[in-house]
Amino acid sequence: MAPRRDPPQGERDVVIHVRGLKNCFGEQVVHEDLDLDVYRGEIIGVVGGSGTGKSVLMRSIIGLQTPAAGEITVFGESTIGREETEATDIRKRWGILFQGGALFSTLTVAENVEVPIKEFYPALDPVLLDEIASYKVVMTGLPADAGPKYPAELSGGMKKRAGLARALALDPELLFLDEPTAGLDPIGAAAFDELTLSLQRTLGLTVFLITHDLDSLYAICDRVAVLADKKVIAVGTIDELIALDHPWIKEYFNGPRGRAATATQEAQDGQARLHEQAAAGKPSEIGAE
């Protein structure tokens with residue numbers, strides 16, 4: 001996979017801006033003085049141990065969790081303390097895939113996809129509504145006949161894709177994914193990663209990805225933000241993070257799973273180089289004199 005050539009961070013458009021965030025549940029402090037910037041067009045992975053508040057951070061950004069202190073802006077507008085009607089214009093510009101898909105069990109896949117469209121465009125012609133839903137279903141790799149099915153009739157991987165179709169219903173600029181590959185087998189998880197990357201490139205999405213999956217981090221993330229000690233302790237490329245001397249980061253990326261993910265990515269990169277050389281008519285470096 002060819003590396004992206006992004007402009008210096010100081011020149012990049014900040015889509016999500018978080019400063020001094022504090023989240024508490026009673027006396028338990030989850031976040032304290034947390035800072036994070038997310039840049040337009042990137043896929044940023046958010047990792048951290050259990051209880052570090054990865055999902056709480058996402059819920060704070062989208063306005064479902066009211067922080068005790070701090071500043072959050074999305075697309076340059078604050079999301080803290082705003083009435084739902086005041087945040088309508090911002091909410092139309094993002095899509096969310098919650099853990100497990102969070103589909104409405106009494107609605108078909110197509111009807112689930114139509115929910116956000118009806119919310120923001122209640123007067124839309126039903127025929128056009130059905131066409132949009134069908135397009136989103138197919139866009140996420142589901143068969144066309146998945147639209148009339150109910151969530152209970154779908155496999156785990158299909159539920160994730162149906163949830164993604166709903167998240168993309170309004171053609172968002174910003175996509176939040178909360179543990180999208182959790183519970184999927186390795187093949188299904190890799191396929192979902194490929195789908196995410198393809199959609200991000202095709203649609204120009206900015207992706208905020210919460211994950212425990214090291215393979216996903218290596219395969220599709222431009223940067224990774226690490227939550228520990230109640231804040232984002234580091235953010236950067238995987239190579240930059242591996243070079244840091246923090247116990248959790250070293251254990252996470254240099255443990256057995258981290259080494260396995262590194263080996264897998266190196267093998268995939270090697271195969272990609274061989275294909276590129278073959279396409280260019282160059283001899284392979286492997287075994288060359």
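This is a short tour of a predicted model, going from a sheet and the helix packed on it to a single threonine in a loop.

Begin by selecting the strands β6, β7, β8, β3, β9 and β10, which in that order make up an open sheet of six strands with mixed pairing. At its edges you will find β6, residues 94-97, and β10, residues 231-236, each of which pairs on one side only. If you look along the sheet from strand to strand, the twist from one to the next averages 15 degrees.

Next, restrict the view to residues 174-178 and 206-210, that is, to strands β7 and β8, which pair in the parallel sense over five bridges. Within this pair, label L177 together with L209, its bridge partner in β8.

Now add residues 54-61, which form helix α1: this helix packs on the sheet, where it touches β3 (43-48), β6, β7, β8 and β9 (223-228). The direction of α1 makes about 145 degrees with that of β8.

For the last stop, centre on T140, which sits in the loop between α4 (126-139) and α5 (156-167). Is this residue buried or exposed? T140 counts as buried, because its relative accessibility is 0%, where the cut-off for buried is under 20%. Draw a distance from the T140 side chain to the backbone oxygen of V137, and you will find that the side chain reaches this oxygen at 3.0 Å. Finally, show R161, L164, A165, L168 and L195, which are the residues that T140 touches when those up to four places away in sequence are not counted.

Technical notes: Residues numbered from 1 in each chain as written. Predicted model: local features only at pLDDT ≥ 70, side-chain atom pairs only at ≥ 80, totals over all residues. Heavy atoms only, no water. Pairing = 2+ DSSP bridges. Helix = DSSP H or I, 4+ residues; strand = E, 2+ residues; numbered from the N terminus. Axes fitted to C-alpha atoms, helices over the stretch in contact; angles between N-to-C directions. Contact = heavy atoms within 4.5 Å. Buried < 20%, exposed > 50% of the residue type's maximum accessible area, 1.4 Å probe, protein only. Polar contact = N/O pair within 3.5 Å; in protein donor to acceptor, adjacent residues only side chain to side chain.
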